[in-house]
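Here is a short tour of one protein model, written for someone who likes to see which residues touch which. Keep the viewer open and follow along.

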Amino acid sequence: MPATSKPSPDIGIIGYSETAYEKKTTRTLISMLAEAARKAADSAGLARRDIDGIAVCSFVLPPDNAVTLAEQLGIPVSWAYFGTAGGAGPVASVINAARAIEAGHARTVLCLAADNYDVAGHYRLMDLFNKALINYGTPNGFGGANGLFGIIQRKHMEAFGTRREQLGRIAVGQRASARRNENALLRGPMTIDDYLNCRAIADPLHLYDCVLPCAGADAVVVGALDRAPPGKGIRILAGFEQHNHPAGEIAPLRGGWELYRDRLWADSGFGPADVDFVQAYDDYPIMVAIQLEDHGFCPKGDAGGFLAERTFSFDGSFPLNTNGGQLSCGQAGAAGGMIGLVEAVRQLRNEAGPFQVSRARRGLVSGYGMVGYGHGLSSSSIVVERVP
């Protein structure tokens with residue numbers, strides 16, 4: 001994407017959907033994708049014939065892909081995209097869908113993300129995730145994602161003095177929001193003492209630092225804003241993706257967000273202090289903290305103090321992952337990279353009901369994913385606002 005290029009103000013998100021999240025499911029992946037597709041089109045006020053582009057992110061869809069999914073959904077498409085960036089892929093798919101529409105490759109794009117595995121399926125997936133893990137990580141007992149991100153949290157704690165009770169404020173705040181979200185799998189009460197005293201998983205990570213793998217699907221529709229139902233269009237102000245940064249660094253305390261942060265806010269026309277909520281990829285609280293640093297909400301290394309001074313429920317001083325995020329809703333595979341974008345659209349359309357942020361006008365959504373040899377490879381961000 002050109003460094004000085006802003007998205008067209010006439011293109012945005014005009015519909016969204018989410019299926020039920022399930023710890024275990026008997027549903028096929030295609031049935032979940034089809035449900036999400038149908039609901040997203042309904043939300044946009046569109047018929048199937050109005051869709052001519054498709055993007056999909058899924059770990060278990062292969063050997064099928066975006067083209068074969070279009071076949072199964074009965075949608076002729078002139079543009080197709082299959083995400084390869086893990087939890088950063090769904091946000092990147094929306095950025096690329098908007099660019100495809102600008103370029104005339106499609107008029108209306110359905111962007112989907114879904115998986116239908118459970119905890120055991122997630123562990124099998126990680127063992128065979130890519131050649132780096134197959135050949136080096138798994139044979140040496142790298143401990144899955146928990147082992148890797150335990151190292152990252154330990155480094156952040158030792159380098160900057162970050163404390164578990166500070167990071168725990170993220171999980172506790174998000175759980176307070178999730179208690180009002182009927183689609184969250186984890187809705188029981190959680191205090192900071194509950195967070196601190198739960199069992200260790202991969203020290204210093206404990207149980208409530210880790211997401212629950214589950215099944216589910218999320219979707220948005222990208223198209224011309226004049227096709228959105230009245231008052232329901234969501235403008236894309238800025239969006240970027242970055243992969244393999246910092247190159248070659250094991251367990252880094254930064255990601256690709258820092259490279260495009262200034263362009264992101266410049267294209268948006270405002271800064272971090274002006275957003276009404278943040279939906280950050282929350283596979284672990286430590287990665288939320290790093291995203292807040294790298295997007296400029298606080299300087300690098302100051303996340304602990306930033307967290308200690310704020311509350312993070314939907315009605316807190318800093319609304320964060322306002323549906324409960326993956327930490328409370330569950331991580332539905334690649335849909336974990338779309339859940340934040342769907343929640344942002346829900347908030348901006350004033351359709352979040354009991355967990356609605358007051359006066360939500362604009363927000364940041366960030367993605368992260370594709371665990372490689374010692375670090376996540378992919379970062380993405382998008383800034384969105386409600387069309388008056």
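Leaving aside its neighbours within four places in sequence, which residues is Gln 356 in contact with? They are Phe 314, Arg 346, Gln 347, Asn 350 and Glu 351. Please keep in mind that this is a predicted model.

**A glutamine in a loop**

Gln 356 sits in the loop that links helix H13 (339–348) to strand S10 (362–371). Is this residue buried or exposed? Its relative accessible area is 16%, and buried means under 20%, so Gln 356 counts as buried. One of its contact partners, Gln 347, also offers a polar atom: the backbone oxygen of Gln 347 is 3.0 Å from a polar atom of the Gln 356 side chain.

**The strands**

Strand S1 (residues 11–18) is mostly covered, with 8 of its 8 residues buried. S1 runs antiparallel to strand S7 (residues 215–224), joined by 7 bridges, and Ser 17 stands opposite Ala 219 of S7. S1 is also antiparallel to strand S8 (residues 234–243), here through 2 bridges, with Gly 12 opposite Arg 235 of S8.

Strand S2 (residues 53–57) has 5 of its 5 residues buried, so S2 is largely enclosed by the rest of the structure. Gly 53, Ala 55 and Cys 57 point one way from S2, while Ile 54 and Val 56 point the other way, and all are buried. S2 pairs with strand S3 (residues 79–82) in the parallel sense, and Gly 53 has Trp 79 as its bridge partner in S3.

The pairings can be set side by side:

| Strand pair | Sense | Bridges | Opposite residues |
|---|---|---|---|
| S1 and S7 | antiparallel | 7 bridges | Ser 17 and Ala 219 |
| S1 and S8 | antiparallel | 2 bridges | Gly 12 and Arg 235 |
| S2 and S3 | parallel | 4 bridges | Gly 53 and Trp 79 |

**The nonpolar cores**

Which residues touch the most other members of the largest nonpolar core? Among its 51 residues, they are Phe 149, Val 278 and Phe 297. Elements giving two or more residues to this core include helix H6 (144–160), helix H7 (164–178), S8, strand S9 (277–280) and S10. Helix H10 (285–294) is also on that list, and H10 supplies the largest share, 6 residues.

Val 278 is a good residue to click on. Apart from neighbours within four places in sequence, Val 278 is in contact with Leu 292, Phe 297, Phe 318, Pro 319, Leu 320, Asn 321 and Leu 364. There is also a second, separate core of 47 residues, and Ala 100, Ala 178, Ile 234 and Ile 382 are among its members.

**Helix H10 and its neighbour**

H10 is mostly covered, as 10 of its 10 residues are buried. Polar residues take part too: Gln 291, Glu 293 and Asp 294 are among the buried ones. Just after H10, Gly 296 takes a positive phi of about 90°.

How do the axes of H9 and H10 cross? They come within 9 Å and cross at roughly 45°, and the two helices are therefore oblique to each other. On the H9 side the contact is made by Trp 257, Glu 258 and Arg 261. On the H10 side, Met 287, Ile 290, Gln 291, Glu 293 and Asp 294 make this contact.

Methods. Residues numbered from 1 in each chain as written. Predicted model: local features only at pLDDT ≥ 70, side-chain atom pairs only at ≥ 80, totals over all residues. Heavy atoms only, no water. Buried < 20%, exposed > 50% of the residue type's maximum accessible area, 1.4 Å probe, protein only. Pairing = 2+ DSSP bridges. Polar contact = N/O pair within 3.5 Å; in protein donor to acceptor, adjacent residues only side chain to side chain. Contact = heavy atoms within 4.5 Å. Core = buried A, V, L, I, M, F, W, Y, C linked by side-chain atoms within 4.5 Å. Axes fitted to C-alpha atoms, helices over the stretch in contact; angles between N-to-C directions. Parallel < 35°, antiparallel > 145°, perpendicular 65-115°, else oblique.
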